[in-house]
Amino acid sequence: MSIAKTGDQVAVHYTGKHTDGSIFDSSVGSNPLEFQLGSGMVIKGFDDGVTGMAIGEKKTITIPAAEAYGEHSPENTLTIERNQIPSHIPVELGVTLNMHQDGGHVMEVTVTDLTDTHVTLDANHPMAGKDLTFELELVAIK
């Protein structure tokens, strides 16, 4: 019986859920997710959850925020004056914008607060600070 180990190329069907049970992503009904275990292609907790599974095995894992997308960091938020955003760019709660930094780096930010004079931008991953649950099925080891 083959057991998934670091370095293996694996194929996994998964359903990702928030702690309230709502589904945020799933491969069920489409192609399984393929990745190399231990390569950093998926979040650490997902990688760790698949390691040691046998082909055909199913299990449910809960990944704490620290092993998923990290904790929400207040240092990754910025409040700017609203007039610093060009008028042709729509500014609404929840909108994702690209923020250009020195050196040509582009950072994706989400508008999380608005006033008449200021806009708060959040560069944290949208799932930062959230524990995640995954239903996993190891389909193949290649």
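**Exercise 1. A salt bridge between two strands**

Determine how Glu 135 counts at 35% relative accessibility, and then establish which parts of the chain its salt bridge with Lys 17 ties together.

*Solution.*

Step 1. Buried residues lie under 20% relative accessible area and exposed ones over 50%. In this predicted model, the 35% of Glu 135 therefore makes the residue partly exposed.

Step 2. Lys 17 has a relative accessible area of 22%, so this residue is partly exposed as well.

Step 3. Side chains of opposite charge can pair when their charged atoms come close. The side chains of Glu 135 and Lys 17 form a salt bridge, with an N to O distance of 2.9 Å.

Step 4. Because Glu 135 belongs to strand E9 and Lys 17 to strand E1 (residues 9–18), the bridge connects parts of the chain that are 118 residues apart in sequence.

**Exercise 2. Further salt bridges**

State how many salt bridges the structure holds, and explain how Asp 48 and Lys 44 are placed in helix H1.

*Solution.*

Step 1. The structure has four salt bridges, including the one between Glu 135 and Lys 17.

Step 2. Another joins Asp 48 to Lys 44, whose closest N and O atoms are 2.5 Å apart.

Step 3. Both residues lie in helix H1; they are four residues apart, so about one helical turn separates them. Asp 48 is partly exposed, at 39% relative accessibility.

Step 4. A salt bridge also links Lys 5 with Asp 8, with 3.2 Å between the closest N and O atoms. The 11% relative accessibility of Asp 8 lies below the 20% cut-off, so Asp 8 counts as buried.

**Exercise 3. Aromatic pairs around Phe 134**

Find the number of aromatic pairs and explain why the pair of Phe 24 and Phe 134 is edge-to-face.

*Solution.*

Step 1. Rings pair if their centres lie within 6.5 Å, and planes over 60 degrees apart count as edge-to-face. By this rule there are five aromatic pairs.

Step 2. For Phe 24 and Phe 134, the ring centres are 5.7 Å apart and the planes stand at 85 degrees; the pair is therefore edge-to-face.

Step 3. This pair links distant parts of the chain, since Phe 24 is in strand E2 (residues 23–26) and Phe 134 is in strand E9 (residues 132–141), 110 residues apart.

Step 4. Phe 24 is partly exposed at 26% relative accessibility, whereas Phe 134 is buried, with a relative accessible area of 5%.

Step 5. The rings of Phe 46 and Phe 134 have a centre distance of 5.0 Å and planes at 90 degrees, so this pair too is edge-to-face.

Step 6. Phe 46 is in helix H1 (residues 44–50) and Phe 134 in strand E9, so their pairing ties together parts 88 residues apart in sequence. Phe 46 is buried, with a relative accessible area of 4%.

Step 7. Phe 24, Phe 46 and Phe 134 are among the members of one aromatic cluster, which also contains Tyr 14 and Phe 35.

**Exercise 4. The nonpolar cores**

Identify which residues have the most contacts inside the largest nonpolar core, and which element gives the most to this core.

*Solution.*

Step 1. The largest nonpolar core has 19 residues, and those with the most contacts inside it are Val 10, Val 12, Phe 35, Phe 46, Val 50, Phe 134 and Leu 136.

Step 2. At least two residues of this core come from each of E1, H1, strand E4 (58–63) and E9. The element that gives the most is E9, with four residues.

Step 3. Apart from this core lies another, of eight residues, including Ile 85, Leu 97, Val 109 and Val 111.

**Exercise 5. The chain as a whole**

Describe the order of the elements from the N terminus, and compare the radius of gyration with that of a compact globule of 142 residues.

*Solution.*

Step 1. The chain has one helix and nine strands, arranged in the order β-β-β-α-β-β-β-β-β-β from the N terminus.

Step 2. A compact globule of 142 residues would have a radius of gyration near 14 Å, whereas the chain has 19 Å.

Step 3. Along the principal axes, the C-alpha atoms fill a box of roughly 60 × 35 × 25 Å.

Step 4. Of the 142 residues, 33% count as buried. Among contacts with a separation of 6 or more, 60% are between residues 24 or more positions apart.

Note on methods
Residues numbered from 1 in each chain as written. Predicted model: local features only at pLDDT ≥ 70, side-chain atom pairs only at ≥ 80, totals over all residues. Heavy atoms only, no water. Phe/Tyr/Trp six-rings, centres within 6.5 Å; stacked < 30°, edge-to-face > 60°. Buried < 20%, exposed > 50% of the residue type's maximum accessible area, 1.4 Å probe, protein only. Rg over C-alpha atoms; globule rule 2.2 N^0.38 Å. Contact = heavy atoms within 4.5 Å. Core = buried A, V, L, I, M, F, W, Y, C linked by side-chain atoms within 4.5 Å.
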